[in-house]
Amino acid sequence: MLDHILSILIFFPALAAVFGFMIQKDSMRAYGVAVATIEFTLSLWLWFSFDNGVSGMQFMENIPLIPAFGINYILGVDGISLFIVILAAFFTMIGIASLTDTPNVKNMIITLLFLQMTMIGVFVALDGIVFYVFWELSLVPMLYIIGAWGGPMRIYASVKFFLYTFAGSLVMLVGMLFMAYFFYQATGVWSFAILDWYRLILPESFQLWLFAAFFVGFAIKVPMFPFHTWLPYAHGQAPTIGSVILAAILLKMGTYAFIRFSLPLFPDASAFFMYPIAVLAIIMIIYTAMVAYAQKDVKQVVAYSSVSHMGVIILGTFALNVEGISGSIFLMIAHGVVSGALFLLVGVIYDRRHTKMMDQFGGLAHVMPKYATIFGIMMMASVGMPLTINFVGEFLSLLGFYEQSHILTLLAGMAIIVGAIYMLAAYKKMFFGEVTKEENRNLPDVNKRELIALVPLVIITIWLGIYPKPILEPINNSVEAVVQLMHNKATSEDAKMRIPNVSGVVMTKTTSGEAH
Amino acid sequence: MLSPVNVSLESLNLITLAPMLIPIIGALMIIVIDLFKGGLDKTLYVVISILFLALDFGALLESAGVFTKDGIMLGAFNVMLIDGLAILSQFIIVLTSMLFIPLAMTHKRFHEFSYPEFFALFLFMISGFQFMVSSDNLILIFVGLETASLALYTLIAMHNRDKSFEAAVKYFTMGALAAGLFSFGSMVFYALTGSIEINQIAAVLEANNYADIGYVLVAVVFMLAAFSFKLSLVPFHTWAPDVYEGSSAAMAGYMSIVPKLAAFVVSMRLFEFLIHSGVVWLEIVLWILVVVTMTAANIWALVQTDVKRMLAYSSISHAGFVMAAILIGTTQSNSALFLYWILFSFTNLGSFSMLWMSRQKHLPDHQASDHSYDKFAGMIKTAPVAASIMALFMLSLAGLPPFALFWGKLYIISSAVTGGYTVLALIMALNSAIAGYYYIKLIVYMFMKEPVLGNDGHMYVSNATLALKSIIGFAAVGTIFAFVIINPLLEFITTFVYNSGY
């Protein structure tokens with residue numbers, strides 16, 4: 001069974017979703033939770049059977065799909081993707097469990113299960129076209145979730161989300177077709193397999209163009225400044241569950257794809273574009289942090305802070321060294337946990353008051369002490385306080401980039417301080433002071449169902465903040481392999497210099513392994 | 001003194017004519033049956049048509065077998081040319097027709113289907129298209145084209161809407177103009193080369209090294225205009241939306257597939273050698289034509305308020321997309337054309353059949369046209385299965401993976417990349433994104449809006465019968481599971497196209 005565990009992980013939720021049409025409406029939530037729990041258990045089993053010492057792909061599957069055109073159904077998981085897969089399974093479970101009274105709950109759960117299929121598919125696909133299939137397919141459930149259960153401007157928001165990402169990924173598709181064509185020219189066979197592409201060394205001028213094509217697709221998904229304008233609408237209009245999944249998992253597709261495609265395929269171009277992208281990332285960090293400060297809607301604060309932190313992930317990725325990339329992958333997990341939790345928390349108060357405006361609140365700490373505590377912990381984590389999960393990721397990302405540029409890192413570090421300002425200000429407006437509005441006096445504190453969703457997130461936040469090793473080690477192993485591959489493939493002087501040679505580290509590891 | 005003409009029957013190779021003669025015999029048989037006993041039910045004629053098309057399909061399998069063994073066949077005084085293109089396109093024509101004809105078995109009665117002539121004309125039309133694609137001879141192509149078109153005009157006019165006559169007359173006028181342009185173009189070619197066979201024309205022009213380039217260009221302009229009318233390329237497309245609106249949804253779906261495929265095959269035969277001859281001017285004109293057709297039709301489609309008109313413009317855009325394959329002109333792109341068109345045929349036929357299934361005899365007051373967007377508002381709440389299937393077809397038309405049309409788009413864009421048309425590839429990709437908007441618009445109406453008051457969902461399936469549902473089910477399954485058949489299909493197509501020398 002372990003030979004096909006990745007296929008099972010992908011298609012089990014889809015199959016369950018199809019059968020879900022037969023379930024009676026009132027029992028649907030239990031069914032959804034059951035399916036998502038099984039899926040999460042399977043993903044934990046995947047982690048359990050995962051060999052931490054191996055840097056390459058594990059649990060690979062290979063079925064010919066369109067061999068005449070080099071398209072094969074190839075799956076595999078390594079340290080880079082493993083934890084995002086688990087995160088996706090985890091958040092679907094938590095999301096379904098914490099669903100509040102939703103109209104058409106049956107359609108919602110079926111859609112979520114389909115969405116889960118596409119999310120897992122993106123992270124384990126090792127064939128360009130299979131990756132693209134899941135990448136595009138993930139737009140449809142999200143379009144429906146935002147468009148059918150969203151706020152007043154939901155249709156505008158959902159269509160904007162769809163068209164933006166669709167347009168970007170089509171440019172990426174052209175890039176993929178070029179990549180396959182270059183592979184065909186070099187070897188005489190068509191192939192869209194990513195591991196095949198890794199072996200291809202392209203001249204720098206080609207790399208620049210292809211990098212740009214892939215960049216458009218990924219940057220819109222992340223979303224990087226100046227392509228980020230769809231995100232505030234999507235978050236602002238989406239129902240809680242939509243925002244949670246969007247922030248926790250869907251945005252990670254972009255940053256994950258940078259590490260899976262852009263860096264190892266185009267090392268020279270990555271080094272060439274390092275500074276422009278770092279500048280964009282820093283603009284993104286600072287600008288969105290300032291925008292977040294100006295928001296009156298607490299959900300928009302969380303949304304913009306989420307974009308701001310995505311900037312740190314990008315910065316870490318384009319540090320092009322092991323610390324930076326490992327840190328950015330860790331930060332992806334951390335950002336997923338923290339911003340997912342924050343969106344859930346905003347959902348909690350929205351369910352009670354049906355408003356997200358901060359001036360409607362005030363003094364909530366008196367009324368809802370447990371809620372205020374959890375919100376406080378998550379907010380601290382979001383700010384990047386030491387001993388929380390975000391700190392590890394942010395620190396490593398910035399440390400990685402510090403080796404490339406001191407000044408830019410300093411700027412990015414400043415932005416984290418700005419982050420503290422807007423987050424603390426928002427917290428103060430909502431929770432401290434006197435209770436000013438009568439409606440807020442008798443709000444019930446978090447109930448059991450919400451606690452089931454939130455407590456595990458708090459535990460993870462603190463546990464991985466104190467002891468990140470179980471996750472960091474497999475990530476590190478795989479990242480070392482990627483960086484080494486980039487170093488070997490790099491042709492330009494600049495790239496050779498920027499991308500460190502880690503083979504020394506790997507060598508000592510293997511020798512020590514043999515010595516045992 | 002005239003010497004007696006001696007032709008042995010073997011040299012005529014009459015087997016090449018068999019696939020075209022079968023529908024003609026079928027059509028005559030339908031007329032004869034009606035002569036003996038009138039007033040028979042349409043189901044009889046539908047089944048007879050299907051049977052003859054099945055025979056036709058069998059004959060095609062036979063020719064395909066001979067082609068794989070012996071290569072290209074000539075017949076009937078060498079005017080028939082049975083190569084891979086002819087066989088492939090006839091397969092698509094016959095299969096699409098077999099899928100189309102059961103759409104006549106509607107729940108409501110439409111008077112065109114009560115005439116047996118409808119089915120006879122339909123079969124004549126098919127044989128016309130079959131002649132058109134399996135000849136190298138401009139005269140035979142012309143005869144096939146006109147046989148098919150004249151039958152098609154009548155079929156359109158038989159529908160019971162006021163606009164149907166307008167549509168038929170409009171189509172007829174434009175078709176007549178195109179026919180005139182075609183014959184003028186052929187005349188110039190004949191004057192230049194003394195031949196009306198495309199390969200002879202190519203050989204003679206090659207031999208004198210395009211000495212009379214001016215006249216060649218004149219001929220090409222006429223030919224290009226003629227085919228642009230048939231393929232509804234911008235700016236020769238103006239008839240298309242009105243004709244689609246006037247004809248029944250089923251017929252519109254059919255028109256968006258079969259006549260265009262026949263025209264594509266002839267343009268492939270004609271323009272391929274001209275592009276490869278290095279007539280730069282033609283390449284530029286085709287490039288502009290392709291880009292303008294794709295883009296402009298997409299932009300017009302954005303502002304339509306009627307789903308059928310939207311689909312009409314989308315068909316124009318798809319035609320432009322596929323025309324790019326002829327411009328690129330490599331084996332890969334020509335195979336991509338056929339792959340695309342096969343996948344397009346059942347997706348598009350499926351979506352037009354969905355409209356056909358919801359066709360009302362009398363429009364309620366709030367509804368401006370047969371298939372306005374409002375009609376589909378909130379469909380997910382009242383008819384969830386129908387809405388999901390319709391959404392599936394829209395996503396496939398938009399080119400969302402893994403549904404059918406995505407693979408066609410992938411292969412055509414890839415052939416543009418391989419053929420060195422980088423900018424074109426990008427424009428094609430971005431056009432798919434523009435097109436995404438209007439397909440999504442229908443999904444937005446169906447899934448995210450509230451239904452119009454008093455709509456109980458019955459009207460979406462008011463015309464449904466088992467036959468219609470099976471056709472739609474077949475198209476839906478084909479759309480979802482297309483990725484299973486892409487590989488054998490691709491290998492089959494590529495072999496046939498390659499062995500025909502394209």
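Begin by selecting A391(B), which is buried in this predicted model, with a relative accessible area of 7%. Colour the helix around it next: A391(B) lies in α17 of chain B, a helix that covers residues 384-398.

With A391(B) still selected, show the side chains it meets from elsewhere in the sequence; once its neighbours within four places are set aside, A391(B) is in contact with I443(B), M446(B) and F447(B). Then add Y439(B) and draw a line between the two C-alpha atoms, which are 8.5 Å apart in space although the two residues stand 48 places apart in sequence.

Before leaving chain B, colour the model by confidence. Chain B averages a pLDDT of 88, with 99% of its residues scoring at least 70, while chain A has a mean pLDDT of 87, with 97% of its residues at 70 or more. For the model as a whole, the scores are ipTM 0.90 and pTM 0.92. One stretch to read with care is residues 506-516 of chain A, where pLDDT stays under 50 and for which the model has three contacts beyond four places in sequence.

Now move to the second largest pocket, which holds about 650 Å³ of space. To find its centre, select T100(A), P239(A), T240(A), Y350(A) and D351(A), which are the closest to that centre among the 32 residues of the lining. Which helices of chain A each supply at least two residues of this lining? Select α10 (230-237), α11 (240-265), α15 (322-353) and α20 (448-466) to see them; of these, α15(A) gives the most to the lining, with seven residues. If you colour the lining of this pocket by residue class, you will find 16 nonpolar, 11 polar and five charged residues.

The last stop is an enclosed space, for the structure also holds 11 cavities of 30 Å³ or more. The largest cavity contains about 80 Å³ of space, and a selection of its lining takes in I285(A), S308(A), H309(A), V312(A), S382(A), V383(A), A415(A), I416(A), G419(A), A420(A), Y422(A) and M423(A). Show as ribbons the helices α14 (298-317), α17 (369-383) and α19 (406-431) of chain A, each of which supplies at least two residues of the lining of this cavity, and note that α19(A) gives the most, with six. Coloured by class, the lining of the largest cavity shows eight nonpolar and four polar residues, and no charged ones.

Terms used: Residues are numbered from 1 along each chain as its sequence is written. Chains are lettered from A and ligands numbered from 1 in the order in which they are written. Side-chain values use heavy atoms; hydrogens and water are left out. Helices (H or I, at least four residues) and strands (E, at least two) are DSSP runs, numbered from the N terminus. Buried means under 20% relative accessible area, exposed over 50%, partly exposed in between (1.4 Å probe, protein chains only). Contact means heavy atoms within 4.5 Å. pLDDT is the predictor's confidence in each residue, from 0 to 100. On a 1 Å grid over the protein atoms alone, a cavity is a set of points where a 1.4 Å probe fits but cannot get out, and a pocket is an open set with protein on both sides within 12 Å along at least five of seven lines; lining residues have an atom within 4 Å of a point. Grid points are joined across faces, edges and corners, and a volume is the space filled by probe spheres set on the points. Ala, Val, Leu, Ile, Met, Phe, Trp, Tyr, Cys and Pro count as nonpolar, Asp, Glu, Lys and Arg as charged, and the others, Gly among them, as polar.
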